[in-house]
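Me: Got a minute to go through a model with me? I'd like to ask about a few spots as they come up.

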Amino acid sequence: AQRAAADLQNIKRRTEEEKQALAKFATANVFLEILPVYDSLSRAAAHLPEDLKDNEWAKGIESIEKQFEQIMGQFKITKMNTEGETFDHNFHEAVSQGPGEKDTIIEELEAGYMLDDQPLKPAKVVVGDGNPTG
């Protein structure tokens with residue numbers, strides 16, 4: 001009877017772990033489709049002309065960007081820090097090299113994201129080639 005109870009407990013635990021893994025997988029797939037839209041929205045907001053900063057429509061766009069960030073936070077999706085970091089192929093995709101410290105990220109071309117502590121979308125970066133800058 002004790003063995004059967006232990007087996008049942010193990011089955012319940014494994015089932016719960018599988019449900020959580022499936023939910024994380026579904027979250028990842030949805031956000032992989034939506035993140036390019038968020039990136040475009042962020043780029044547009046970053047290039048807002050100075051004379052439109054007080055425009056109500058522009059404030060609405062900034063509000064939408066903040067809402068998106070709050071939703072990402074609820075699902076434990078965070079933006080990676082890249083510039084100045086050491087290149088790691090597990091988190092970054094090197095698009096090109098340029099003058100700078102070897103294996104150090106000198107420019108981020110496209111943001112990368114993490115889901116919990118796992119890479120969701122690698123950051124596209126420019127990596128230093130070891131030649132001095134200047």
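Me: Where is Glu 85 found?

Reply: Glu 85 is in the loop between β1 (77-79) and β2 (92-98). Strands here are DSSP runs of E with at least two residues, helices are runs of H or I with at least four, and both are numbered from the N terminus. Two caveats up front: this is a predicted model, where local features need pLDDT of at least 70 and side-chain atom pairs count only at pLDDT 80 or more, while totals for chains, interfaces and linings use all residues. Residues are numbered from 1 along each chain as its sequence is written, and side-chain values use heavy atoms, with hydrogens and water left out.

Me: OK. Is Glu 85 buried or exposed?

Reply: In between: Glu 85 has a relative accessible area of 39%, so it counts as partly exposed. Buried means under 20% relative accessible area, exposed means over 50%, and partly exposed is what lies in between, with a 1.4 Å probe and protein chains only.

Me: And what does Glu 85 touch?

Reply: Not counting residues up to four places away in sequence, Glu 85 touches Asp 103, Thr 104 and Ile 105. Contact means heavy atoms within 4.5 Å.

Me: How far is Glu 85 from Ile 71 in space?

Reply: 27 Å, C-alpha to C-alpha, with the two positions 14 residues apart in sequence numbering.

Me: You mentioned Asp 103. What's its phi?

Reply: Positive, about 65°, although Asp 103 is not a glycine. Asp 103 is in the loop between β2 and β3, and at 37% relative accessibility it is partly exposed.

Me: What about phi at Asp 116?

Reply: Also a positive value, near 55°, in a residue other than glycine. Asp 116 is in the loop between β4 and β5 and is partly exposed, with a relative accessible area of 37%.

Me: Changing topic. Which residues make up the largest nonpolar core?

Reply: There are 11 residues in all, including Phe 31, Leu 35, Phe 68, Met 72, Ile 77, Ala 111 and Leu 120. A nonpolar core is a set of buried Ala, Val, Leu, Ile, Met, Phe, Trp, Tyr and Cys residues joined through side-chain atoms within 4.5 Å. α1 (2-46), α2 (56-74) and β4 (113-115) each supply at least two residues of this core, and the largest share, four residues, comes from α1. A second, separate core of six residues includes Met 80, Ile 105, Val 125 and Val 127.

Me: And the largest pocket? How much space lies in it?

Reply: About 240 Å³. On a 1 Å grid over the protein atoms alone, a pocket is an open set of points where a 1.4 Å probe fits, with protein on both sides within 12 Å along at least five of seven lines, and lining residues have an atom within 4 Å of a point. Grid points are joined across faces, edges and corners, and the volume is the space filled by probe spheres set on the points.

Me: Which lining residues are closest to the centre of that pocket?

Reply: Asp 39, Ser 42, Arg 43, Lys 79 and Ala 111, out of 13 that line the largest pocket. The lining divides into five nonpolar, one polar and seven charged residues. Nonpolar is Ala, Val, Leu, Ile, Met, Phe, Trp, Tyr, Cys and Pro, charged is Asp, Glu, Lys and Arg, and the others, Gly among them, are polar. The largest share of this lining, five residues, comes from α1.

Me: Ala 111 came up twice. What is Ala 111 in contact with?

Reply: Leaving aside neighbours within four places in sequence, Ala 111 is in contact with Asp 39, Lys 79, Lys 121, Pro 122 and Ala 123.

Me: Is that Lys 121 buried or exposed?

Reply: Lys 121 counts as buried because its relative accessibility is 11%. Lys 121 is in strand β5 (residues 118-121).

Me: Which side chain does the Lys 121 side chain make a polar contact with?

Reply: The side chain of Glu 110, at 2.8 Å. A polar contact is a pair of N or O atoms within 3.5 Å; within protein, one must be able to donate a hydrogen and the other to accept it, and residues adjacent in sequence count only if both atoms are side-chain atoms.

Me: Last one: His 92, buried or exposed?

Reply: His 92 is buried, with a relative accessible area of 7%. Its place is in strand β2.
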